[in-house]
Amino acid sequence: MPSTETNKAAACSKELTTVKGLLVSALDMEDEIAHSVYADYMDSRNWPQGIKPKTLDQIRRYLTILLEDTRMHRKIVKSLQAKLGHHDE
């Protein structure tokens with residue numbers, strides 16, 4: 001019969017694997033948002049003709065904020081990954 005310590009170690013290992021997988025998924029989502037969704041919206045050709053330049057400039061400012069937030073999210077996730085990697089050692 002396996003010991004309680006063995007069961008705890010296995011459960012902890014499984015939890016770390018799950019968290020690592022979630023972080024990889026989070027990075028994938030951030031990359032998808034930054035490289036396709038926001039990039040597409042930054043291109044004025046993807047907006048209706050006749051949109052006012054002032055409106056398009058405001059949209060770009062908002063999107064720039066979102067892109068910066070996405071970069072920050074990516075750094076946070078990478079930091080969490082590094083901490084988990086250090087925990088494994």
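Is Thr70 buried or exposed? Thr70 is buried, with a relative accessible area of 6%. The legends below take that residue as one stop on a short tour of a predicted model.

**View 1. The whole chain, before zooming in.** Start with the fold at its plainest: the protein has two helices and zero strands. Buried residues make up 17% of the 89 in the protein. About 7100 Å² of the protein is exposed, and 60% of that comes from carbon and sulfur atoms. If you like contact maps, look away from the diagonal: among contacts with a separation of 6 or more, 69% link residues 24 or more positions apart.

**View 2. Thr70 and its neighbours.** Here we're in helix 2, where Thr70 is found. Thr70 counts as buried because its relative accessible area, 6%, falls under the 20% cut-off. What does Thr70 touch, once residues up to four places away in sequence are set aside? The list is Glu30, Ile33, Ala34 and Tyr38.

**View 3. His73 across from Glu30.** Stay on helix 2, which also holds His73. Glu30 turns up again, having already appeared among the contacts of Thr70. This time the distance is between C-alpha atoms: those of His73 and Glu30 are separated by 7.4 Å, though the two residues are 43 apart along the chain. His73 has 33% relative accessibility, so it counts as partly exposed.

**View 4. A nonpolar patch on the surface.** Which residues form the patch? They are Met72, Ile76 and Leu80, and together they have about 270 Å² of accessible area. Met72 is found in helix 2, which covers residues 53-88. With a relative accessible area of 44%, Met72 is partly exposed. That value is over the 30% needed for a patch residue, so Met72 can take part despite not reaching the exposed class.

**View 5. Tyr41 and Trp47, ring to ring.** The count of aromatic pairs comes to one. In that pair, the ring centres of Tyr41 and Trp47 are 6.0 Å apart and the planes sit at 45°. Why is the pair called tilted? An angle of 45° is neither under 30 degrees, as stacked would need, nor over 60, as edge-to-face would need, so tilted is what's left. Both partners are partly exposed: Tyr41 has a relative accessible area of 43%, and Trp47 has 25%.

Key:
Residues numbered from 1 in each chain as written. Predicted model: local features only at pLDDT ≥ 70, side-chain atom pairs only at ≥ 80, totals over all residues. Heavy atoms only, no water. Patch = residues over 30% accessible without salt bridge, like charges linked within 9 Å, V, L, I, M, F, W, Y side chains within 5 Å. Areas by Shrake-Rupley, 256 points an atom, 1.4 Å probe, with all protein chains shown as cover. Salt bridge = Lys/Arg side-chain N within 4 Å of Asp/Glu carboxyl O. Helix = DSSP H or I, 4+ residues; strand = E, 2+ residues; numbered from the N terminus. Buried < 20%, exposed > 50% of the residue type's maximum accessible area, 1.4 Å probe, protein only. Contact = heavy atoms within 4.5 Å. Phe/Tyr/Trp six-rings, centres within 6.5 Å; stacked < 30°, edge-to-face > 60°.
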